[in-house]
Amino acid sequence: MRWTSRSAQAWKRTSLIGIILILTYLYLSRTAPPTPVDLPVPAHPPPPVSSSNSCNDFPSSANIVVSIKTGASEAASKLPAQMKTTLRCASHVVFFSDLEQDIGEYHLHDALSTVSHSVMDNNLDFNFYREQLKLWKSSKDISSLKGMKSPEAPDKLAAWTLDKYKFIHSLEKTWELKPDMDWYLLFDADTYVIWSNLLRWLETMDPNKKSYFGSEVSIDGTRFAHGGSGIIMSKAAVYEIVVQHNGTAAKWDPLTHEKCCGDLVLGEALKEYGTELQDVWPSMSGETPATMPLGPGTPQYSCGPALTFHHLSPKEMKDLVDYEEKRSQSLGPLTHMELFKDLTVKSLSPRRKNWDNLASDPGEFGKTGGVEKDAATVEECAKFCIADKDCFQYTHHDHTCYIGMSIRLGYEKKPDKGGAYQSGWNLERLDKWMAEQPSCDHVTFPTQSA
């Protein structure tokens with residue numbers, strides 16, 4: 001037997017052990033799963049961004065955050081539809097309600113959790129909030145509160161009265177969750193955004209300028225953006241109200257009880273700090289495609305770009321997103337006139353029973369409709385419309401004929417104690433007016449004030 005020293009034997013043993021360890025490591029590294037990296041996991045991960053093909057054609061929304069304001073009693077029926085349709089391409093969406101809860105993959109923050117007890121105590125506006133928290137804690141069922149009226153205004157829902165306290169708190173919490181974004185968008189859960197148009201518009205403007213956009217409403221000399229039509233604020237405007245003037249929501253909470261609505265309160269707070277509303281109506285509109293008026297009475301809609309609509313049902317959102325998905329982006333910005341031709345005009349007929357085309361509504365500036373005449377029958381009403389050169393549509397109900405000077409599609413409406421609603425359109429007059437309209441070859445977005 002060949003002689004070896006103890007050191008050589010030790011070296012052999014060490015080499016053998018080393019080879020075994022290396023082989024073991026190589027085997028395990030190929031068969032065992034990789035060791036997970038210890039990364040912080042958010043308590044409520046954001047919903048995945050849609051991979052819809054149409055989203056790839058849009059400008060980036062990476063520096064835009066959308067805040068959706070809703071109520072616990074309606075959130076489950078509205079948010080999923082809104083996220084799957086109009087907000088399918090949004091990169092950052094946060095939800096605010098009057099109750100913290102999860103609805104599927106969406107987490108709702110309680111916008112009112114930072115309202116002080118001194119404001120809530122002995123404030124009847126918060127009766128609904130207190131009762132809702134109690135029921136949620138005991139049974140997770142708040143359905144019994146649906147339809148609850150405000151103690152001080154029996155004609156209003158208690159949830160609507162409470163809503164006015166959410167606006168500035170939602171804005172402050174949005175900045176806390178998503179600071180230093182370029183644009184902050186506040187929408188209701190039934191607001192529909194033409195996302196492609198919105199992104200095209202925002203990328204033309206400077207977020208470092210103080211800007212506050214919306215559809216103007218005026219109360220007691222204060223001009224403010226109508227919340228349902230949407231509120232858009234630049235980074236500079238939000239930074240001032242949230243960071244430079246930290247505590248703005250707490251400052252306005254004690255004053256809110258006497259105010260009609262939260263969008264007014266937000267407008268007053270912005271005005272105090274020198275940020276004035278820039279009105280972009282009708283691009284941002286409180287109408288739906290079915291109630292949007294086009295015609296001589298409302299020439300403002302025509303070739304303007306559509307940015308927002310309000311009061312859309314989940315079905316209407318689905319119908320509109322289907323239309324958007326089929327439409328080629330090469331056609332450029334979507335205008336009110338294009339929507340009108342494709343959705344409204346194609347749905348019109350000379351007359352519809354159990355239908356209200358809103359001819360009774362005076363509309364903006366009283367030029368849309370609302371002219372009344374006595375008429376025993378719908379046939380008599382139709383003759384009144386023919387005789388009036390400004391009439392494009394009419395509605396007959398309860399011996400009254402309503403004349404409309406613009407075209408609206410309207411909605412199905414069941415008979416009531418006054419009888420059936422019957423609506424008609426003067427299609428010959430409409431065709432002539434449409435033929436006289438210029439083509440929308442050049443679409444102009446609102447410009448940012450200096």
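These exercises, each with a worked solution, cover disulfides, a strand, ring pairs and single residues.

The model is predicted: local features need pLDDT of at least 70, side-chain atom pairs count only at pLDDT 80 or more, and totals for chains, interfaces and linings use all residues. Residues are numbered from 1 along each chain as its sequence is written, and side-chain values use heavy atoms, with hydrogens and water left out.

**Exercise 1. State how many disulfides the structure holds, and give their pairing.**

Start with the criterion: a disulfide is a pair of cysteine sulfur atoms within 2.5 Å. The structure holds five of them. Next, number the bonded cysteines of the chain in sequence order. The pairing then reads 1-2, 3-4, 5-10, 6-9, 7-8.

**Exercise 2. Describe the disulfide of Cys260 and Cys261 and the exposure of each partner.**

Take the bond. Cys260 is joined to Cys261, S to S 2.3 Å. Now apply the exposure classes: buried means under 20% relative accessible area, exposed over 50%, and partly exposed in between (1.4 Å probe, protein chains only). Cys260 has 31% relative accessibility, so this residue is partly exposed. Cys261 has 16% and is therefore buried.

**Exercise 3. Locate the partners Cys303 and Cys440 and give the handedness of their link.**

First, the distance: the sulfur atoms of Cys303 and Cys440 are 2.0 Å apart. The angle about the S-S bond is -75°, and the link of Cys303 and Cys440 is left-handed. Then place the ends. Cys303 sits in the loop between β11 (278-279) and β12 (308-309), and Cys440 in the segment after α14 (427-436), so the pair ties together parts 137 residues apart in sequence. Helices (H or I, at least four residues) and strands (E, at least two) are DSSP runs, numbered from the N terminus. Finally, Cys440 is partly exposed because its relative accessibility is 24%.

**Exercise 4. Give the handedness and burial of the pair Cys385 and Cys391.**

The sulfur atoms of Cys385 and Cys391 are 2.0 Å apart. Their S-S torsion is about -100°, so this disulfide is left-handed. Both Cys385 and Cys391 are buried.

**Exercise 5. Explain why strand β5 counts as largely enclosed, and name its partner strands.**

Count the buried residues. In β5 (residues 183-188), six of the six are buried, so the strand is largely enclosed by the rest of the structure. Check each face. Trp183, Leu185 and Phe187 cover one side, with Tyr184, Leu186 and Asp188 on the other; all are buried.

Then turn to pairing, for which DSSP must find at least two bridges between two strands. Strand β1 (residues 64-69) pairs with β5 in the parallel sense over six bridges. Here Ser67 has Leu186 of β5 as its bridge partner. Strand β10 (residues 231-234) pairs with β5 in the antiparallel sense over four bridges. There Leu186 has Ile231 as its bridge partner in β10.

**Exercise 6. Classify the ring pairs Trp201–Phe213 and Trp281–Tyr301.**

Set the rule. Rings of Phe, Tyr and Trp (its six-membered ring) pair if their centres lie within 6.5 Å; planes under 30 degrees apart are stacked, over 60 edge-to-face, and the rest tilted. The count comes to nine aromatic pairs.

For Trp201 and Phe213, the centres are 4.9 Å apart and the planes at 65°, so the pair is edge-to-face. Trp201 is in helix α7 (residues 195-202) and Phe213 in strand β7 (residues 212-214), 12 residues apart. Both Trp201 and Phe213 are buried.

For Trp281 and Tyr301, the centres are 5.8 Å apart and the planes at 80°, so this pair is edge-to-face. Trp281 and Tyr301 both lie in the loop between β11 and β12, so the pair ties together parts 20 residues apart in sequence. Trp281 is buried at 16% relative accessible area, and Tyr301 is buried at 1%.

**Exercise 7. Place Thr275 and list its contacts.**

Thr275 lies in the loop between α10 (262-272) and β11. Its relative accessibility is 2%, so Thr275 is buried. Contact means heavy atoms within 4.5 Å. Leaving aside neighbours within four places in sequence, Thr275 touches Lys210, Tyr212, Ala237, Glu240 and Leu270.
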